[in-house]
Amino acid sequence: MSGVTRPNRRSARKPKGEGHSRRAEILAAAEQIFVEHGYEGATIRKIADEVGLSSTALYMHFSDKQEILHEICRQSFETLIALNRTVLDSPGEPEVRMRRMMEAYVTFGFAHPNAYRLVYLTRPLEARDGAESVAQQLGADLFRSFETLVEDVERAGRLRGEVRASTQALWAGGHGVVSLMITKPYFDWVDRETLVKTLMDALFMGLLKP
């Protein structure tokens, strides 16, 4: 698949132990394989080979590929929710913190393109195995943290429109720039920071009262 972010190629078989770090390696390998081959095309054997493990050894860490996908989604959403909580608890005017939150979301997407693809850009065929409920629950929590700051902006008398529509417009803008740049790397994009700043300026100019 074009634009898939692939780190170093597979490693040689590795010694036992290192449980926590080994799980992290499995998740990183699974991210790229899910993106490259699709959920149904990915197999435990492919993931194990990428990490340098036997399939039997991988099963000591995860019971199946659905559990691996579940963990990727959970970690991604929990990281984003934690970032948003940090912004919510920080000082500053609500519109300043709202922009800070949007910028943190966009930065996360660019820093973790494979995880972002799995969470936001793949049709959840895997939802038949239960992963969708995780995305829906934690995704709703994430959206609510965005909405909380937009409500603060409204209470401050700075919001032009309705809270929920404004929140969705902000999210759509942030998601749009991340998803386009990571899936269309061949396009003649301007500098990423310049594009993100231009987008954010336009969004906030349109949504906020002077």
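## A tour of a nine-helix protein

The protein has nine helices and zero strands. Helices (H or I, at least four residues) and strands (E, at least two) are DSSP runs, numbered from the N terminus. This is a predicted model: local features need pLDDT of at least 70, side-chain atom pairs count only at pLDDT 80 or more, and totals for chains, interfaces and linings use all residues. Residues are numbered from 1 along each chain as its sequence is written, and side-chain values use heavy atoms, with hydrogens and water left out.

**Whole chain**

Start with everything selected. Along the sequence the pattern reads α-α-α-α-α-α-α-α-α. Of the 210 residues, 44% count as buried. Buried means under 20% relative accessible area, exposed over 50%, and partly exposed in between (1.4 Å probe, protein chains only). Show the surface next. The accessible surface comes to about 11100 Å², and 55% of that belongs to carbon and sulfur atoms. Areas come from the Shrake-Rupley method with a 1.4 Å probe; for residues, only the protein chains shown count as cover. Now consider contacts, meaning heavy atoms within 4.5 Å. Among contacts with a separation of 6 or more, 73% join residues 24 or more positions apart.

**Helix α8**

Select residues 163-183, which make up helix α8. How far apart are its end C-alpha atoms? They are 30 Å apart, which agrees with the 30 Å expected for 21 residues at 1.5 Å a residue. The expected span is 1.5 Å times one less than the number of residues. Colour the buried residues of α8; among them are Val163, Leu170, Val177, Met181 and Ile182. Then go to the N-terminal end. Glu162 caps α8 there, with a side-chain oxygen 3.0 Å from the backbone nitrogen of Arg164.

**Salt bridges**

Side chains of opposite charge can pair when their charged atoms come close. A salt bridge here is a side-chain nitrogen of Lys or Arg within 4 Å of a carboxyl oxygen of Asp or Glu. The count comes to twelve.

Select Arg74 and Glu71. Their closest N and O atoms are 2.4 Å apart. Both residues lie in helix α4 (residues 65-88), three residues apart, about one turn of the helix. Arg74 is partly exposed, at 26% relative accessible area, while Glu71 is buried, at 12%.

Add Glu78. Glu78 also forms a salt bridge with Arg74, with closest N and O atoms 2.5 Å apart. These two are four residues apart in α4, about one helical turn. Glu78 is partly exposed, at 39%.

Move to Arg158 and Glu95. Their closest N and O atoms are 2.5 Å apart in a salt bridge. Arg158 lies in the loop between α7 (131-155) and α8, and Glu95 in helix α5 (residues 94-111), so the pair ties together parts 63 residues apart in sequence. Arg158 is partly exposed, at 22%; Glu95 is buried, at 15%. Next, select Arg99, Glu103, Lys197 and Asp201, which salt bridges with shared partners join into one network.

**Aromatic rings**

Finish with the rings. The whole structure holds nine aromatic pairs. Select Tyr116 and Tyr120: this pair is tilted, 4.7 Å centre to centre with 40° between the planes. Rings of Phe, Tyr and Trp (its six-membered ring) pair if their centres lie within 6.5 Å; planes under 30 degrees apart count as stacked, over 60 as edge-to-face and the rest as tilted. Both tyrosines lie in helix α6 (residues 113-121), four residues apart, about one turn. Are Tyr116 and Tyr120 buried or exposed? Both are buried. Now add Phe77, Tyr105, Phe143, Phe146 and Trp171, which form one aromatic cluster with Tyr116 and Tyr120.

Conventions. A polar contact is a pair of N or O atoms within 3.5 Å; within protein, one must be able to donate a hydrogen and the other to accept it, and residues adjacent in sequence count only if both atoms are side-chain atoms.
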